[in-house]
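Colleague: I am new to this one and would like some help reading it. Could you take me through it step by step?

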Amino acid sequence: MENKPAVLVLEDGTTCYGKAFGAIGTTGGEICFNTGMTGYQEVFTDPSYFGQVLIMNNVHIGNYGISIEDVESDGIKIKGLIGRNLEELYSRKKAQGSLDEYLKSQNIVAIEGVDTRALVTHIRSKGAMNCIISSEILDAEVLKKKLSEVPDMSGLELASFVSTNVPYELGDPSSPVRIAVMDYGIKRNILNCMVSRGAYVKVFPAKTCLEEVKKFNPAGYFISNGPGDPASMDYAVDTIKGILKEEKPTFGICLGHQLLALANDIPTFKMHHGHRGVNHPVKNLITGRCEITTQNHGFGVDPEAVKKADHIEITHVNLNDQSIEGIRVKGKPAFSVQYHPESTPGPNDSRYLFDDFINLVKNHK
Ligand SMILES: NC(=O)CC[C@H](N)C(=O)O
């Protein structure tokens with residue numbers, strides 16, 4: 001069956017024509033790209049991508065189908081998908097369906113047959129911008145008008161849209177390693193990484209007040225990853241300032257890292273085009289070892305402000321661009337990383353951070 005035509009229009013007017021894939025419709029968001037060769041389902045269901053239209057750099061996407069085990073949340077979180085060859089045919093024993101059916105069932109619009117190498121090169125030189133995809137409106141001029149209604153990622157609060165509505169608990173209730181998780185869009189494997197190390201976790205909606213969280217009697221706090229601009233999340237920064245006063249082990253990942261920085265008066269900034277992939281080299285400055293990491297972020301922690309801050313120690317740096325990848329708050333048991341040690345998808349080099357966190361909670365007096 002020949003797919004219907006589809007159009008992609010970027011904020012700077014760049015227009016690409018391709019074929020419709022997934023749901024028929026129109027969708028817009030910030031365009032970004034992921035360089036990972038595998039793990040597309042984990043990426044599509046990562047709540048940190050909420051509000052973004054994703055280009056998968058790898059040419060073949062969909063070729064191993066979809067499995068219910070490979071999700072990082074309750075469904076697809078990307079706003080739209082752009083690919084070179086999005087495959088309807090798949091082969092993998094445990095697959096339950098095709099990428100096309102999966103996107104259709106969740107009403108996600110995609111376009112394929114696009115020259116993704118040219119598009120990624122364009123974004124790498126021009127920087128992050130919004131885009132719109134449509135398989136129902138093929139007039140680029142009409143789409144340009146609709147594109148102006150897509151909100152700018154800078155200043156956008158999105159975490160409360162993907163956070164849990166009700167608290168829930170996981171793990172063994174008799175465990176003394178009680179972790180309160182602030183859910184700003186958490187990936188499931190982060191929770192698995194804590195529970196499989198013996199933690200009992202309680203996951204709280206993003207806007208839960210600290211007094212409520214403290215009723216759980218946590219031995220440690222976790223600040224999750226999530227979508228949007230961290231600088232728009234005053235409510236979370238206030239909560240984290242309160243958490244830091246508790247002097248209990250605290251660990252933040254990605255958005256959680258940015259929020260920990262903000263709670264320590266270190267500003268964040270919008271990056272030129274972000275880091276998204278599974279092969280970013282990071283140096284651990286404490287051990288001197290290099291880790292190959294999974295990344296997904298479009299904002300970062302201001303390197304100059306961190307370097308000047310007497311109360312913050314830099315623990316990890318990115319070996320590609322020297323950006324700040326990890327910090328520790330001096331005199332407090334609080335640390336965070338910009339990358340994703342739960343690594344779904346990705347290499348497992350950084351899982352030791354969960355061991356460090358759980359040990360910190362166990363040994364904290
Ligand atoms: N993975 C994340 O937590 C992303 C954090 C933030 N939304 C960013 O894009 O930088």
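Modeller: Gladly; we will go through the domains, then an annotation, then the ligand.

Modeller: This is a predicted model, in which local features need pLDDT of at least 70, side-chain atom pairs count only at pLDDT 80 or more, and totals for chains, interfaces and linings use all residues. Residues are numbered from 1 along each chain as its sequence is written.

Colleague: Into which domains is the protein divided?

Modeller: Domain bounds come from an automatic or database domain assignment. Here they give domain 1 (5–147) and domain 2 (159–363), with C-alpha centres 28 Å apart. Each side brings 23 residues to the contact, where two residues count if their C-beta atoms, placed from the backbone, lie within 7 Å.

Colleague: Which element gives the most to the side of domain 1 that touches domain 2?

Modeller: Helices (H or I, at least four residues) and strands (E, at least two) are DSSP runs, numbered from the N terminus. On that side β3 gives the most, with three residues.

Colleague: What does UniProt annotate at residues 4–134?

Modeller: The unreviewed entry records "domain: Carbamoyl-phosphate synthase small subunit N-terminal" there; positions follow the numbering used here, feature names are shortened, and annotations may be inferred rather than shown by experiment. Over that stretch the chain is 18% helix and 34% strand.

Colleague: And which residues are around the ligand?

Modeller: A residue is near a molecule if its C-beta atom, placed from the backbone, lies within 6 Å of it. Among those around the ligand are Ser 48, Cys 254 and His 297. Strand β16 (residues 290–301) gives the most to this shell, with four residues.
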